Amino acid sequence: MTPNQKTVKPLLFILLTLTTLGLMAQPEANYDETKVPKFSVPDPLTTFSGEAITDSQEWEEKRKLEIYQFFEKQIYGKVPALLDEYSFKVIEQDNQALEGKAQRKQITVGLKKNNRTLNFNILLYLPNGNEKAPVFLGYNFHGNHTVTDDPNVIIPEAWNENNADLKISSNKATEASRGVRMHRWSIDKMLDNGYGLATVYYGEIDPDKNDFSDGLHSLFYAEEQTKPKTNEWGSIAAWAYGLSRAMDYLENDTNISNVIVFGHSRLGKAALWAGATDDRFSGVISNNSGCGGAALFKRKFGETIGHINNSFPHWFSESFKKYSNKEEILPVDQHQLLALIAPRPLYVASAVEDEWADPKGEFLSTQYASKVYGLYGKKGIDLTEFPETDRPIQQTMAYHMRSGKHDVTAYDWDQYMTWAETFAK
Ligand code: GTR
């Protein structure tokens, strides 16, 4: 071997390993519509083997299943096994919370597997004066105590991402961050309009860091195992699973009529996967969920598979890494994830300035999923033109493009409540 070959070989090996792991420096994000590649949208109504689907029964028996299995094994990852035990306990209750407007309950859910336990807390507000109310269920980013200034809401112990603006340091939430995210949750308006809210701190299910030693995943490990297997769940699938475990409690609360699952951004991705995997959710809301959520991968606009696998290697299953910068070989796209939710009501919301999440890709994917809703006689999004800003379209599928940035605003919640009136009450 010449000296040159000696250095080239190990270098090639390192390069190959980094590429496989998706850890290479990523190409810059494209924000130029003229540079969006030409691509064909995989048809939700043609099976992988080329068979045409003509009605809802064929869809459910042939196509829905194969799409579901693809997303499960190749994108978000499979849940490895059943739990051994599940429990819940109402640890706190006040029937006159928020100046008498609401009943507040805090419920500890316990998940047990292999003699290991994970607990998380649901904060639940239900409007007083209604026998049964529909509830929005959504994760929060930094703790149940951040969504309200109610002094009785329990502060989570779990690992928390530091955030100086939200007064979180040393990876621990404290009293200092009570109420810091109130603007993202229109709790008063929800209660006034007859809706309840259930929220959970997502870090109690799986701390959002590239480390599989803790959180839900670790409960399921065999001896010596340190991370999920190649086709098994990443963090998004674990968060989605946590939403279903919250649902196990909520569906048995006699004051709740139905549950609409909601999520913003990475938690919007989790809400969509929860909606696809669990049909007990009567409606699904994706708020600015972007790449790996409602946006089409194949447009490669803003965040791409390469970017997301590189920055958040723990979010998807390991098997998804092979699609980094190879969108063209992916046999599905995210409109098919949306289609898995049909015929249940689905709201996709974008924000004009949220280019990283590709608002146009979120809209197109909603539109392309519409034909599956059509099989059930439900109205999807039949616009061919990009909708005007701040002009919501609300049918069984709903969409709006809000002015402003990546966020959840009172405007968003006003739209969700108006839309939910049509099916949740
Ligand atoms: C970004 C990420 C997005 C989105 C967002 C969020 O950094 O690239 O996919 O999930 O975080 O969750 O706020």
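Q: Which residues line the largest cavity?
A: In this predicted model, the structure holds two cavities of 30 Å³ or more. About 80 Å³ of space lies in the largest cavity. Its lining consists of Y139, N140, F141, T146, V147, R181, R184, W185, F262, H264, L267 and V408.

Q: What volume does the largest pocket have, and which residues lie nearest its centre?
A: The volume of the largest pocket is about 450 Å³. A total of 25 residues line this pocket, and those nearest its centre are F141, H264, S265, R266 and H406.

Q: How many residues in the lining of the largest pocket are nonpolar, polar and charged?
A: The lining of the largest pocket draws at least three residues from domain 1 (33-76 + 291-425) and at least three from domain 2 (80-281). Sorted by character, the residues of this lining are seven nonpolar, nine polar and nine charged.

Q: Where does the ligand sit, and which residues surround it?
A: The ligand sits in the largest pocket. Around the ligand are S265, R266, K269, E303, I308, F312, W315, W356 and H406.

Q: How many residues of the shell around the ligand are nonpolar, polar and charged?
A: The shell is made up of S265, R266, K269, E303, I308, F312, W315, W356 and H406. By character, these residues divide into four nonpolar, two polar and three charged.

Q: Why does the ligand lie between domain 1 and domain 2?
A: The position of the ligand follows from the origin of the residues in its shell. Domain 1 (33-76 + 291-425) gives residues to that shell, and domain 2 (80-281) does too, so the ligand lies between domain 1 and domain 2.

Q: How much of the accessible area of the ligand does the protein cover?
A: Oxygen atoms of the ligand pair with N or O atoms in side chains, at 2.7 Å for S265, 2.6 Å for E303 and 2.9 Å for W356. On its own, the ligand has 310 Å² of accessible area, and the part of this that the protein covers is 81%.

Note on methods:
Residues are numbered from 1 along each chain as its sequence is written. This is a predicted model: local features need pLDDT of at least 70, side-chain atom pairs count only at pLDDT 80 or more; totals for chains, interfaces and linings use all residues. Side-chain values use heavy atoms; hydrogens and water are left out. A residue is near a molecule or strand if one of its heavy atoms lies within 4 Å of it. A polar contact is a pair of N or O atoms within 3.5 Å; within protein, one must be able to donate a hydrogen and the other to accept it, and residues adjacent in sequence count only if both atoms are side-chain atoms. Accessible areas come from the Shrake-Rupley method with a 1.4 Å probe; for residues, only the protein chains shown count as cover. On a 1 Å grid over the protein atoms alone, a cavity is a set of points where a 1.4 Å probe fits but cannot get out, and a pocket is an open set with protein on both sides within 12 Å along at least five of seven lines; lining residues have an atom within 4 Å of a point. A molecule sits in a cavity or pocket if more than half of its atoms lie within 2 Å of its grid points. Ala, Val, Leu, Ile, Met, Phe, Trp, Tyr, Cys and Pro count as nonpolar, Asp, Glu, Lys and Arg as charged, and the others, Gly among them, as polar. Domain bounds come from an automatic or database domain assignment. Grid points are joined across faces, edges and corners, and a volume is the space filled by probe spheres set on the points.
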